[in-house]
Structures are given as structure tokens and as C-alpha cells.
Amino acid sequence: MTAQSLHRYPAVRLSDRLAAAAAYVDTQREIIDVGTDHALLPCYLYQRGARRLTASDINAGPLLAAKENIQKYTDRPESIRLMQTDGLIGADFAEEIIIAGMGGELIVKILSDFALEEKDVHLILQPMSRCEIAVKYLYSVGYGIADRTVVREGGHEYIIISAYRTGIKKEPSDTFCYTAGATDEGFLRHKADGLFKAAAACGHTDPVRAEKLSAIAEEIMSILSDGENI
Ligand SMILES: C[S@@+](CC[C@H](N)C(=O)[O-])C[C@H]1O[C@@H](n2cnc3c(N)ncnc32)[C@H](O)[C@@H]1O
């Protein structure tokens, strides 16, 4: 008999993408899942021993789904605090911050509004798009990427980033920002392909930009032969 089967609630099954994000979370600390939607991630963390959990969303609908899942997957309705808020407004208590399934621009807006530069938190970010904007921002406010995981699921490539405060502000290379320091071959090829396509699409209207994007793509491809991404 597993420890799980001793409980009355069923085990949460997470997508590989969310499971990779969960793997970075320190369950002993104060956790918030921003833009939680169904709250499956906090329910999963609860089942793994986390007890200081908040699931937040800007919209009321997702929080209703979250409430149902908390009832289904945990033993107490109040096991996970629910918050309807924009980003991290009112969440100064947070120590472990997960933001998954949002674009890079929105992630940056949420972290800037939170005044990340003045905080010392652990970030687990999974940008759905424009990861380069999020990475550039992190380094500009004295945060750095400690680790990352690439997940392939449903024909998509996802990157999950774990970042901490370093106190050192830096301007990483474009190549690093676009790849978040990953060395995964499939991910790098996918990124380079996207950049070559974007360069081709703007080649006539903005040749300078096209050249820049192509140069970044070439540099990403060179990581594959060098094996280093710094
Ligand atoms: C695509 S879902 C991602 C759900 C989950 N985090 C995941 O990765 O599967 C995006 C969620 O973010 C919420 N959201 C969008 N903008 C937000 C904001 N500014 N603050 C908080 N939540 C937001 C949406 O309501 C939605 O539930």
C-alpha cells in the first residue's frame, strides 16, 4: 500500500510540463501559483507535503475550478488559499513563486509590478512565448537562472526556469536570453528554426532586424557544436 492510498483523495496527475515546474519547488516554503487556472499544481504540491500554499488567478472562473479541485484532491477545503488578484498584487508573503503558461511579456509585467528587484524569492517560470524577454528582465534586476528543464509534450517544446536573486545585474547575450542557457538539442534547433523563419518574414521590411535574428539563430546552432551556452 502506498502512502497516497492511505488518503481519501485521488492522486493528482500533472502534465510533464507542470511536473517539471513542481520539481523545482521547495515545499517547505510559502508557495504561490500565479495564474493557477485549475490549481492542479498546488494540489499536487499539497499531496507532496507543502502546507503553505496559495493559488491565485485574475479571473473568477478559474478559481471556481480551483475550488472544486481542492475539494477533490486535498483533505481540507482550506488547505490551499485562493486569491483573486492581478499577478502578485497582495502577495508579498510569497517565497516560492510559480508562473506557468503565460507569455514572457506578461510574466515581466507581473514581476515588475511586484518590485522583484527589491525581493529575495525563488522563481519558477514557464514562459509560453518570448522567453528572451523574461530572461533579459531577470538579469537586469539582479536575478540569475540556476537551472532549467526542457519538456516536450503534445508536439510543443517548453522551457521551465528556476531563478534566484544574485544581486548582480547583468546583460546576457541575445543567444542566452533566447535559450535561457539550455543545451538541449531539440530545443535549440526549434529556437533557431523559429528565428530563421522570423528573419525571413521581416527580410524585406526590416533587413537590419532580419540580419540580427539570423545572427542569433546561427549562434544558437553553434552551441550544438560547442556544447556550451553561457
Ligand atoms: C494558460 S492558463 C495557465 C494555467 C496554469 N498556470 C498552467 O500553466 O497550466 C493562464 C491563466 O493565467 C490567468 N491570468 C492571466 N493573466 C493573469 C494575471 N495578470 N494575473 C493572474 N492570473 C492571470 C488566466 O486567467 C489563466 O487562468
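**Group meeting talk: a walk through the predicted model**

Ala180 sits in the loop between helix H6, residues 174-179, and helix H7. Keep in mind that this is a predicted model. Ala180 is not a glycine, yet its phi is positive, about 55 degrees. Is Ala180 buried or exposed? Ala180 is buried, with a relative accessible area of 0%.

There is another alanine to put beside it. Ala115 also has a positive phi, near 60 degrees, and again this is a residue other than glycine. Look for Ala115 in the loop between helix H4, 104-113, and strand E5, 122-127. Ala115 is partly exposed, at a relative accessible area of 25%.

Now move on from Ala180 into H7. This helix covers residues 185-202, and Lys191 lies in it. Lys191 is buried, but it has no salt bridge. Which side chain of opposite charge is nearest to Lys191? That is Glu132, and it is 4.9 Å away. A salt bridge here has to be within 4 Å, so the distance of 4.9 Å to Glu132 does not qualify. What does Lys191 touch, leaving aside neighbours within four places in sequence? Its contacts are Cys131, Tyr178 and Ile220.

Next, the sheet. Seven strands make it up, and it is open. Read across, the order is E3-E2-E1-E4-E5-E7-E6, with mixed pairing. Which strands stand at the edges? They are E3, residues 81-84, and E6, residues 143-153. Each has a single partner strand, so one side of each is left without a neighbour in the sheet. On average, neighbouring strands are turned by 15 degrees against each other, ignoring direction.

Take the E3 edge. Strand E2, residues 53-57, runs parallel to E3, and four bridges join the two. One to find on screen: Thr54 has Arg81 in E3 as its bridge partner.

At the other end, helices come in. H7 packs on the sheet and touches E6 and E7. The direction of H7 makes about 105 degrees with that of E7. Helix H5, residues 131-140, lies across E5, E6 and strand E7, which spans 156-165. H5 runs at about 160 degrees to E6.

Stay with H5 for the rings. How many aromatic pairs does the structure hold? One. The pair is Tyr139 with Phe176, ring centres 5.6 Å apart. Their planes are at 90 degrees, so the pair is edge-to-face. Tyr139 belongs to helix H5 and Phe176 to helix H6, so the pair ties together parts that are 37 residues apart in sequence. Tyr139 counts as buried, at 10% relative accessibility. Phe176 is buried as well, with a relative accessible area of 9%.

Last stop, helix H2, residues 40-47. How many of its eight residues are buried? Eight of eight, so to speak a covered helix. The list runs Leu40, Leu41, Pro42, Cys43, Tyr44, Leu45, Tyr46 and Gln47. What covers these buried residues? The cover includes helix H1, 16-22, and helix H3, 60-73. It also includes three strands of the sheet: E1 at 31-34, E2, and E4 at 96-102. Just after H2 comes Gly49, which takes a positive phi of about 105 degrees.

To close, go back to Lys191 on your screens: buried, and without a salt bridge.

How values were computed:
Residues numbered from 1 in each chain as written. Predicted model: local features only at pLDDT ≥ 70, side-chain atom pairs only at ≥ 80, totals over all residues. Heavy atoms only, no water. Buried < 20%, exposed > 50% of the residue type's maximum accessible area, 1.4 Å probe, protein only. Lys, Arg positive; Asp, Glu negative; His and termini not counted. Contact = heavy atoms within 4.5 Å. Pairing = 2+ DSSP bridges. Axes fitted to C-alpha atoms, helices over the stretch in contact; angles between N-to-C directions. Phe/Tyr/Trp six-rings, centres within 6.5 Å; stacked < 30°, edge-to-face > 60°.
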